[in-house]
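Subject: Structure for your review: interior packing

Dear colleague,

Please find below the structure we agreed to pass on to you. A summary of its interior follows.

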Amino acid sequence: MALNHAVASAPTKLILFGEHFVVYGTPGIAIPISPRNYVTANRLEGGPSLHLTGVMGDAVFEPGGRIAGDLSLGMFGAAYHFLNEKGIAKNGLFKADVKLDRRCKGIGNSSSVGAALGLAVARASGKRLLKEEVFECAQQVDGVAHGGRPSGIDARTVVEGKPQIFRRLFSPPGFEFRQTGVLLPTGFCLVVIDTFRGKKSTTRELVERFGQTVGAGGLPETLSDDARARICAPYATIYDKAAGLLSKGTPDCAKSIGELMNENHLLLSERGVSTDEIEVLRTGCLKAGALGMKISGAGGEGGAVIAFVSEKKLRGVEAIAKDLGFVCFVVEIAKQGAVLEK
Ligand code: PMV
């Protein structure tokens, strides 16, 4: 019998503009989206460990760092470690069941589940996490999932549940986030197309490829301000225009938002982070009436692509994606960040 029980949830996220360029210090725009993940945590009688179950697989984490079961879930050991370091969930047996809404790379599932997991397990152990602790918990999970220090945009967006403008800072190093208004023009929607077919490029390899293509010649922090500005220059005007149009969100903005998405994608594609499959998909969907289509997130094989399309043309765009064997789904801008359900 459960000694204690808690449920928490968190939205997922999309980067609308600026992925990869943000690594060199220019601002990006991200939104929380409707696929929402739930974690149910139960504290049971027994020795210290966390048992994770659900569609992603099953794994057991022990306080010393040992993992048994599905090793691809290893990143969630970082959440357990984080809670243990805070003196939370250290001595109990916890079972956490994850209900994943959409299995798709690039929509921030690792942060989303990390945030909900932290909230639910902490509550089942009789503790409450502060918002910054939920952020840190999700960020630790992403650190393992991304194979390095992530920007924090995924964790920030899913925890806050509000659109964010984010920017990497170099002196002193860090990231700056601020909430922003993002409105999609009435009658238009965002469709996520999951291009996964069994193979996924990693964020790290894509960030490296982008760096090589732009001739960075070293890590962003080793470059001069001028060198970073030169890398970001082609994208800078896209950001300025996109931020203005998205904050207005009137129907007359739709065409220009789509064009900016296409321009942003072209820059990413020219820098090596698209694939032939993504380009075939884009050509088909643009022909079917999508106003804009771009990679969202790191890109590469198995990454998410977003289509900005009128409700009238939605069916046609969905049909192209499905014909190519991809799963697609319409998303809303989420209104709530990571929360305890009860
Ligand atoms: O694939 P995602 O959503 O984790 O996005 C990675 C975004 C990059 O700009 C490529 C890297 C980063 O840390 O900002």
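How do the residues of the lining of the largest cavity divide into nonpolar, polar and charged? The lining has 8 nonpolar residues, with no polar and no charged ones. Please note that this is a predicted model.

The structure holds 1 cavity of 30 Å³ or more, and the largest cavity has about 40 Å³ of space. Its lining is made up of Leu16, Phe17, Leu184, Leu190, Leu246, Ile257, Met261 and Phe308. Two elements, β1 (4–17) and α7 (254–270), each give two or more residues to that lining.

As to the packing, the largest nonpolar core contains 65 residues. Within this core, Leu14, Phe17, Val192 and Ile193 have the most contacts. Helix α6 (residues 225–248) gives the most to the core, namely 9 residues. The core lies between domain 1 (4–181) and domain 2 (188–331), because both of them give residues to it.

Phe17 thus appears both in the cavity lining and among the core residues with the most contacts. Leaving aside residues up to four places away in sequence, Phe17 touches Gly28, Ile29, Tyr235, Ile238, Ala242, Leu246, Ile257, Leu260, Met261, Asn264 and Lys294. Of these contacts, Leu246, Ile257 and Met261 also line the largest cavity.

There is in addition a second, separate core of 42 residues. Among its members are Ala59, Phe61, Leu100 and Val159.

Yours sincerely

Technical notes. Residues numbered from 1 in each chain as written. Predicted model: local features only at pLDDT ≥ 70, side-chain atom pairs only at ≥ 80, totals over all residues. Heavy atoms only, no water. Core = buried A, V, L, I, M, F, W, Y, C linked by side-chain atoms within 4.5 Å. Buried < 20%, exposed > 50% of the residue type's maximum accessible area, 1.4 Å probe, protein only. Helix = DSSP H or I, 4+ residues; strand = E, 2+ residues; numbered from the N terminus. Domains from an automatic or database assignment. Contact = heavy atoms within 4.5 Å. 1 Å grid on protein atoms, 1.4 Å probe; cavity = no way out; pocket = protein on both sides within 12 Å on 5 of 7 lines; lining within 4 Å. Points joined across faces, edges and corners; volume = space filled by probe spheres on them. Nonpolar A, V, L, I, M, F, W, Y, C, P; charged D, E, K, R; others polar.
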